[in-house]
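Here's a quick tour of a protein model, written for someone just getting started. Have the structure open while you read, and follow along one topic at a time.

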Amino acid sequence: MSDDPVTAQRLKQGLPIFLALASVLLVVAVMAALYFGRDILVPLTLAILLSFVLVPAVRVLRRLRVPRALAVLLVVTVAFGTLFGVGSLIASEGAQLAADLPRYSLTMRDKVAALRGATAETGTLARIVDLVQDLGAALQPPPPVELKGDPGSATHPLTVEIKAAKAGVLETVQTFAGPILHPLATTGLILIFTIFILLQREDLRNRAIRIAGSGDLRRTTAAIDDAASRLSRFFLAQLALNIAFGVVIGLGLWIIGVPSPMLFGVLAAILRFVPYVGAAVSALLPLILAAAVDPGWSMVIWTAILFAVVEPICGHVIEPLLYGHSTGLSPIAVILAATIWTFLWGPIGLVLATPLTVCLVVLGRHVERLWYLDVLLGDQPALTPPEIFYQRMLAGDPAEAVDQGREFLKERALVTYYDEVVLAGLLLAQEDLSRGTLDRDRQDEVGSAIRTVVDRLGAAPIARARRGKARVASREAAAAVAAAGPDRQVAGVVLGREDLAPNWRGRTPVLCVSSRGPFDEAATLMLAQTLGRHGLQAQVMAMKALREGERPERTDEIALICFSYLEPVSLSQIRFTVRQARAAVPGVRILVGFWRERDPASLERLRRAVSADVLVTSLNEALAAVLAASRDPVAPIRAEATRTTRPALAPAAA
């Protein structure tokens, strides 16, 4: 850094631009390396992905006391033998189909002619049929030219044939051996890489730990082992599912009568690795062939039904049971990855796009230095549930927050949502207010939006105990449900009038008083609404109104006063307010809510310092304490012995 303050200031201002340019150059350099190094990187990548699939088989043989080298050679031999068998099957079936295609041209021409007659009055369909017919004519080989007359006559001109110079031995070898040697060399590299990766798996893992960071060996080792195990299970499950998909498609096409069903079954299994469009592309060729073989349309219809039934079952029923509802990737990340990898590596990149992106996301979730990969490519929300809630309040969009809250309430109680999402979001707003980043108008907008959410969610039914997995459709709501954890037992308790002590049977036995902060009113409304939903009606007043002389309704019926504090205040001020309340309503009990995380060891000391009967830090604790006091007015009220600090509300992992 320069000693000149002007130069230093300019360098500081230009630093973000330099960092952005450096990031762009880094991305360009990486993409250039991937593109120009594809001849080496593609076999290496295929070998790494194949090793994830073969590792479980090697472990099984190792448990049977087979030596590592022999186990690796056996597994690799079986795997590559299977791959060569599949390749031979594709080649033979493809050659047979190509030989049979001329027999189906007459049926296709008849169907095109029939479609032309049926669509003579429809301009768009007629043009489509003409296009199909022109395409078919272009694919047909030209008929031989038949010449009449004597050679040299006007009707039979002289034929001039130009022959290229005779190629040398080296050119001949390059022409004929090149297309054969390149695939063989690629296969050989994949074979060698796979063998050495399986043999040196532990050594490669240690090197990865060193690169990722060896400061905490236990955590890094557990993270990498977990990532490798997850990837291995995922790829193995995906491979098994796609093979089963191909087998079912092949059997179905064989029953329908479509030629070369084994070829299309294998292609369906391979193309299903391509996200979103793979199954649709694999259905295109069988549909065209079915239309060419069958004079009618029944074969085409049954083929379409086969793919329309099997793919949804695999994608929406079997797939969630095997490895979750999705690959853990966002849809835009899948499409973007498919585009980039296809541009870099061609068709093989399209097939490898999803597996490679899954690897990047898993690394981002387990390696701290690569966290941004999970944020950019993963399907989990980038913000925590409280941050999402607060962002929507800043955007003035309470309707979307209400929708997400209702999704959350399908599996959890409203008091849990208030505690873990809304109250935590209020704390974020309070922190911005303390830093001075919220002006008066924005404070009013955020407060109004939060009150709208509380009012609308207050009409939701009280949640009962539920079993089974969450049924929420929104990923954001599902992440909030997973982060919040189970409901407290008190969330399902609703008291009737007969359950209350005599002095708690008034119309509003609880008075909830909000502090002076702009967001304390929302927290107080949530507390009063929570108590009311569980059988204890409460009235809400502001601290300012009480100090100005306004009196609460039915003071003689008040059994408990709850003071709500979202912003930090002095303990002496709280103590003074509590003494005033006791003097105004003799015999009343006092609950103080500090709606922020506190050290559990200091809660009792704080309770004694503010002279309150109970001090709570969450709405669940307040609900438990008030319900207990309403049934036993003699015993001292205490907060529920539960978590006193909230867990970190991070997005749930896939």
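Let's start with Arg451, which counts as partly exposed at 26% relative accessibility. Keep in mind that this is a predicted model. Arg451 has a salt-bridge partner, Glu521, and that pair is a handy way into the rest of the structure.

**Salt bridges**

- The structure holds seven salt bridges in total, and the one between Glu521 and Arg451 has an N to O distance of 3.6 Å.
- That pair ties together distant parts of the chain: Glu521 sits in helix H19 and Arg451 in helix H17 (residues 440-457), 70 residues apart.
- Is Glu521 buried or exposed, or something in between? With 35% relative accessibility, Glu521 is partly exposed, and Arg451 at 26% is partly exposed too.
- Another salt bridge joins the side chains of Glu311 and Arg272, at 3.1 Å from N to O.
- This one also links distant parts of the chain, 39 residues apart: Glu311 belongs to helix H10 (residues 298-323), while Arg272 lies in the loop between helix H8 (261-271) and helix H9 (278-293).
- The two partners sit in unlike surroundings: Glu311 is partly exposed with a relative accessible area of 24%, whereas Arg272 is buried with 10%.
- Then there's Arg392 with Glu400, whose closest N and O atoms are 3.0 Å apart.
- Here Arg392 is buried, with a relative accessible area of 7%, and Glu400 is partly exposed, with 33%.
- Why does Arg392 count as buried? Its relative accessible area is 7%, and buried means under 20%, so Arg392 makes the cut.

**The sheet**

- Now look for an open sheet of five strands with parallel pairing, in the order E2-E1-E3-E4-E5.
- Which strands sit at the edges? They are E2 (538-542) and E5 (614-616), and each of them pairs on one side only.
- On average, neighbouring strands of this sheet are turned by 20° against each other, ignoring direction.
- Strand E1 (residues 510-514) pairs with E2 in the parallel sense through five bridges, and Ser514 stands opposite Ala542 in E2.
- E3 and E4 run parallel and are joined by six bridges; Leu560 has Arg589 in E4 as its bridge partner.
- E4 also pairs in the parallel sense with E5, over three bridges, and Leu591 faces Val614 in E5 across that pairing.

**Helices against the sheet**

- Helix H19 (residues 520-533) lies across E1, E2 and strand E3 (560-565), and runs at about 165° to E1.
- Helix H21 (residues 571-584) packs on the sheet as well, where H21 touches E3 and strand E4 (589-594).
- The direction of H21 makes about 155° with that of E4.
- Remember Glu521 from the salt bridges? That residue is in H19, so to speak your link back to the helix lying across E1, E2 and E3.

**A closer look at E4**

- How many residues of E4 are buried? Six of its six residues are, which leaves the strand mostly covered.
- In a regular strand, side chains alternate between the two faces of the sheet.
- You can see two sets in E4: Arg589, Leu591 and Gly593 point one way, while Ile590, Val592 and Phe594 point the other way.
- Both sets are buried.

Methods. Residues are numbered from 1 along each chain as its sequence is written. This is a predicted model: local features need pLDDT of at least 70, side-chain atom pairs count only at pLDDT 80 or more; totals for chains, interfaces and linings use all residues. Side-chain values use heavy atoms; hydrogens and water are left out. Two strands pair if DSSP finds at least two bridges between them. Helices (H or I, at least four residues) and strands (E, at least two) are DSSP runs, numbered from the N terminus. Axes are lines fitted to C-alpha atoms, for helices over the stretch in contact, and angles run from 0 to 180 degrees between N-to-C directions. Contact means heavy atoms within 4.5 Å. A salt bridge is a side-chain nitrogen of Lys or Arg within 4 Å of a carboxyl oxygen of Asp or Glu. Buried means under 20% relative accessible area, exposed over 50%, partly exposed in between (1.4 Å probe, protein chains only).
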